[in-house]
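Let us take a guided walk through this model together. Keep the viewer open, and pause at each stop to find the residues for yourself.

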Amino acid sequence: MTNTRTSILELYDLKTGTRRELCRFDGMAEAPFFLDDKTLCFNQGGLIYHMDPETCIPEEIPTGECRRCNNDHVPSKDGRYLAVSHNGGPDGESRVYLIDVTGKEPVRLVTPNAPSYLHGYSPDGKTLAYCAERNGNYDVYTIPVEGGEETRLTDAPGLDDGPEYSPDGKYIYFNSVRSGPMECYRMDADGGNQTRLTDNGRNNWFPHISPDNETVVYISYDPKEVAAGDHPADKHVEIRQMNPDGTDDHSLISFFGGQGSFNVNSFAPDGKRFAFFRYELSQA
C-alpha cells in the first residue's frame with residue numbers, strides 16, 4: 001500500500017480568527033502567495049500556477065526554462081516580476097532566477113553560485129535576499145536583482161535561513177539556529193543589529209511580515225518531533241503570531257503540514273488574511 005496526498009489550500013482571517021477552505025489538489029502543492037488581491041499562486045510539480053481564489057481554476061505561469069522550481073518564490077511589489085529558486089543546470093542545484101510574468105523579457109539567472117534559496121524581494125525592487133551555502137555554512141545573502149556580487153549578511157555558525165524584507169525595506173526577518181533552537185530574528189537591511197525575537201521552546205521558521213508592517217506570522221515545530229535545523233513535511237505544526245518586535249507571541253492554529261505549508265509570505269495585500277496548505281495522507 002502507498003500513501004496518497006491531498007493538499008488543502010486555506011485562508012486564515014486575522015480579524016475574525018476563522019479559517020476557510022478554498023480548494024483541494026491531488027499530490028503535493030506548496031508555498032501559496034498572492035500576486036495581487038485577486039490572484040493566488042502556488043507551486044506544484046516544479047511549476048507555478050495562478051488562480052482566482054473564488055473559482056480555484058489554476059493556470060500555469062510561463063516560467064521559461066525554470067521547470068523545476070522549488071517552494072521558494074517571491075513576486076516584485078508591482079507584480080510584474082517573479083523571483084524563483086530553480087533546481088536547474090547540470091548539477092541540479094538551486095539557483096535564483098528572475099521571470100517577467102508578462103513574457104516580454106527572457107528568464108534571467110541572478111545567482112550563478114549554488115545552492116541559493118530565494119526568500120526576499122526588496123520593496124524598491126532592487127535587491128533579492130536568500131539563504132545560500134558557501135564553504136560549508138548556510139547564511140543570509142543579498143544580491144542586486146540585475147545580478148552581480150553577492151553580499152553576506154550573517155556569519156553565525158549553523159543555519160541562517162528565510163530572509164524576508166519588511167514592507168518599508170528597513171529590516172530583514174530571518175530564522176537561525178545560532179542559539180540552539182531554530183528561532184526568528186530581525187536585523188537591519190544591511191545586516192546590522194541582529195536581534196532574536198522568539199523564545200518559546202519550539203523550533204520557529206520563516207517569519208512573514210504583514211503588508212501593513214503590523215504583525216508577523218511564522219510556522220513552528222515541536223522540538224520533540226523535529227530537530228532544530230530541519231523543517232520536514234507531514235508533521236503537526238502551528239502557525240503563530242507576534243508583533244514585529246517579538247512581543248505578544250502566541251499560537252493561532254495547529255494542523256498537519258510543515259514543509260510546503262508556509263514557506264513564503266502569503267499575506268493578502270490588505271494584510272488581513274494569509275494562505276497556507278495543510279495536508280492529508282491516505283493509503284491506497
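A good place to start is tyrosine 49, which stands opposite glutamate 60 in strand S6. Please keep in mind throughout that this is a predicted model. The strand on the other side of this stop, S5, covers residues 47–51, and S5 and S6 pair in the antiparallel sense over two bridges. Zooming out a little, S5 and S6 belong to an open sheet of four strands, with the order S3-S4-S5-S6 and antiparallel pairing. Strand S3 (29–36) and strand S6 (59–60) are the edge strands of this sheet, each pairing on one side only.

Now step back to the whole chain. What does the secondary structure consist of, in helices and strands? The protein chain has zero helices and 23 strands. The C-alpha trace spans about 45 × 45 × 40 Å along its principal axes. For 284 residues, a compact globule would have a radius of gyration near 19 Å, and the 17 Å of the protein chain agrees with that. Of those 284 residues, 55% count as buried. About 12000 Å² of the protein chain is exposed, and carbon and sulfur atoms supply 45% of this area. Taking contacts between residues at least 6 apart in sequence, 41% join residues at least 24 apart. As for charge, the chain has 27 positive and 45 negative charges, and their mean positions are 2 Å apart.

Next, follow the chain to strands S7, S8 and S9. Strand S7 (residues 69–75) runs antiparallel to S8, and four bridges join the two. One pair to look for here is valine 74 with its bridge partner in S8, alanine 83. S7 and S8 form a hairpin with five residues between them, and in the turn glycine 79 has a positive phi of about 80 degrees. On to the next hairpin: S8 and strand S9 (residues 94–100) also run antiparallel, joined by seven bridges. In this pairing, serine 85 stands opposite valine 96 in S9. Six residues lie between S8 and S9 in their hairpin, where glycine 89 in the turn has a positive phi of about 80 degrees. Is S8 itself mostly covered or mostly open? Strand S8 (residues 81–87) is mostly covered, with six of its seven residues buried. As a reminder, side chains in a regular strand alternate between the two faces of the sheet.

The stretch after S9 offers some backbone geometry to check. Most residues other than glycine have a negative phi, and most peptide bonds are trans. Against that background, the peptide bond from alanine 114 to proline 115 is cis, with omega near 0 degrees. Proline 115 sits in the loop between strand S10 (108–109) and strand S11 (116–121).

S11 leads into another open sheet, this one of four strands in the order S11-S12-S13-S14, with antiparallel pairing. S11 and strand S14 (151–152) stand at its edges with a single partner strand each, so one side of each has no neighbour in the sheet. Five bridges hold the antiparallel pairing of S11 and S12. Within it, leucine 118 stands opposite tyrosine 130 in S12.

Two asparagines deserve a stop on a Ramachandran plot. Asparagine 135 has a positive phi of about 55 degrees although it is not a glycine. Its place is the loop between strand S12 (127–134) and strand S13 (137–144), and asparagine 135 is exposed, with a relative accessible area of 84%. Asparagine 213 also has a positive phi, near 65 degrees. The loop holding asparagine 213 lies between strand S19 (203–209) and strand S20 (216–221). How is asparagine 213 placed with respect to exposure? Asparagine 213 is partly exposed, with a relative accessible area of 27%.

The last stop is isoleucine 239, in strand S21 (residues 235–242). Isoleucine 239 is buried because its relative accessible area of 0% falls under the 20% cut-off. Which residues is isoleucine 239 in contact with, leaving aside neighbours within four places in sequence? The contacts are Val217, Tyr218, Ser251, Leu252, Ile253, Phe255, Phe262, Phe274 and Phe276. For a sense of distance across the model, the C-alpha atoms of isoleucine 239 and aspartate 26 are separated by 23 Å, and the two residues are 213 apart along the chain.

Technical notes: Residues are numbered from 1 along each chain as its sequence is written. This is a predicted model: local features need pLDDT of at least 70, side-chain atom pairs count only at pLDDT 80 or more; totals for chains, interfaces and linings use all residues. Side-chain values use heavy atoms; hydrogens and water are left out. Buried means under 20% relative accessible area, exposed over 50%, partly exposed in between (1.4 Å probe, protein chains only). Two strands pair if DSSP finds at least two bridges between them. The radius of gyration is taken over C-alpha atoms; the globule rule is 2.2 Å times the number of residues to the power 0.38. Contact means heavy atoms within 4.5 Å. Accessible areas come from the Shrake-Rupley method with a 1.4 Å probe; for residues, only the protein chains shown count as cover. Lys and Arg count as positive and Asp and Glu as negative; His and the chain ends are not counted. The place of a charge is taken as NZ of Lys, CZ of Arg, CG of Asp or CD of Glu.
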